[in-house]
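User: I am new to this structure and would like to understand how its ligand is held. Please take me through the surroundings of the ligand step by step.

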Amino acid sequence: MELWFTEMQSKSIKMSYRVKDVLHTEKTEYQNLAVFETEEFGRMLVLDDVVQLTMKDEFIYHEMMAHVPLVTHGNPERVLVIGGGDGGTLREILKHPVKEAHLVEIDEKVIEASKKFFPTLSVAFEDPRAKVFCEDGIAYVKKFKNYYDVIIVDSTDPVGPAVGLFAKEFYKDIYEALTDGGIFVAQTESPFYYEDLLKKVYSAVSDIFPHAAVYTATIPTYPGSLWTFTMGSKLIDPLTRDISNIPDLNTKYYTPYIHRSCFNLPAFVKAII
Ligand code: AG3
């Protein structure tokens with residue numbers, strides 16, 4: 001018998017993966033969580049029927065989530081991830097000489113599943129600089145003023161529990177929680193399927209932050225492949241930042257050339273923002 005997992009990438013597009021094994025399914029307090037062993041992309045984490053990561057291509061998303069803002073900042077000491085309970089973004093952050101790498105994840109079951117099924121990501125939680133808080137990220141950031149150098153929002157799609165993570169009020173709280181040279185990045189979905197969201201987020205971020213920029217990466221298992229990240233910066237202009245001294249970060253996607261080029265947007269994306 002053949003087993004397939006299908007994600008509805010949009011109302012009228014389905015993407016199916018042949019599954020070798022269903023390793024885990026559970027209903028958590030917040031969402032349905034599943035771990036599959038797929039034929040093509042290896043182990044896969046799925047939340048509410050949406051692919052969050054696969055072993056084969058997770059490096060692209062996680063490297064771009066972490067290294068673009070951290071290198072743009074230049075000398076981050078305290079970094080916060082909101083969401084990202086699998087630990088992938090945290091793992092990349094820890095390649096930098098940061099002092100504190102905090103992660104606030106609402107669903108502790110995601111962290112547990114990662115510890116069990118994704119050891120190459122959850123290894124990040126063992127680093128003494130890493131600290132995990134299992135609570136609502138929206139309430140968490142309100143507690144801080146001028147504290148974090150970089151805040152990264154590694155959320156699920158803007159449905160259900162993640163809706164508030166794409167709201168202007170939340171970005172204002174993030175602005176306050178950041179230090180003077182602080183930088184914020186959020187994953188902002190596919191420009192093909194979430195055009196309105198990208199437009200809305202970019203406009204909110206550019207209202208709040210002196211500098212706003214969008215960058216892209218190509219991620220095979222995310223809808224539309226081309227994926228966007230939106231950055232807000234309090235001081236440094238990400239587009240003119242001198243990045244000639246980028247340290248070797250032992251990466252598979254991110255390079256200094258990628259850093260320079262990822263802010264160069266295709267014309268149709270530029271037209272959206
Ligand atoms: N967070 C972004 C997942 C978005 C995927 N969307 C989709 N497949 N429709 C991933 C969390 C990984 N740390």
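Analyst: Domain 1 (4-53) and domain 2 (58-272), with bounds from an automatic or database domain assignment, both give residues to the shell around the ligand, so the ligand lies between them. This is a predicted model, in which local features need pLDDT of at least 70, side-chain atom pairs count only at pLDDT 80 or more, and totals for chains, interfaces and linings use all residues. Residues are numbered from 1 along each chain as its sequence is written, and side-chain values use heavy atoms, with hydrogens and water left out.

User: Which residues come nearest to the ligand?

Analyst: A residue is near the ligand if one of its heavy atoms lies within 4 Å of it. There are 14 residues around the ligand, and those that come nearest are E7, H62, D86, D154 and D157.

User: What is the distance from a polar side-chain atom of H62 to a nitrogen atom of the ligand?

Analyst: A polar contact here is a pair of N or O atoms within 3.5 Å. For D154, a polar side-chain atom lies 2.8 Å from a ligand nitrogen atom. For H62, the distance from a polar side-chain atom to a nitrogen atom of the ligand is 2.8 Å.

User: How much of the ligand's exposed area does the protein bury?

Analyst: Accessible areas come from the Shrake-Rupley method with a 1.4 Å probe. Taken alone, the ligand exposes 390 Å², and the share buried by the protein is 98%.

Conventions: A polar contact is a pair of N or O atoms within 3.5 Å; within protein, one must be able to donate a hydrogen and the other to accept it, and residues adjacent in sequence count only if both atoms are side-chain atoms.
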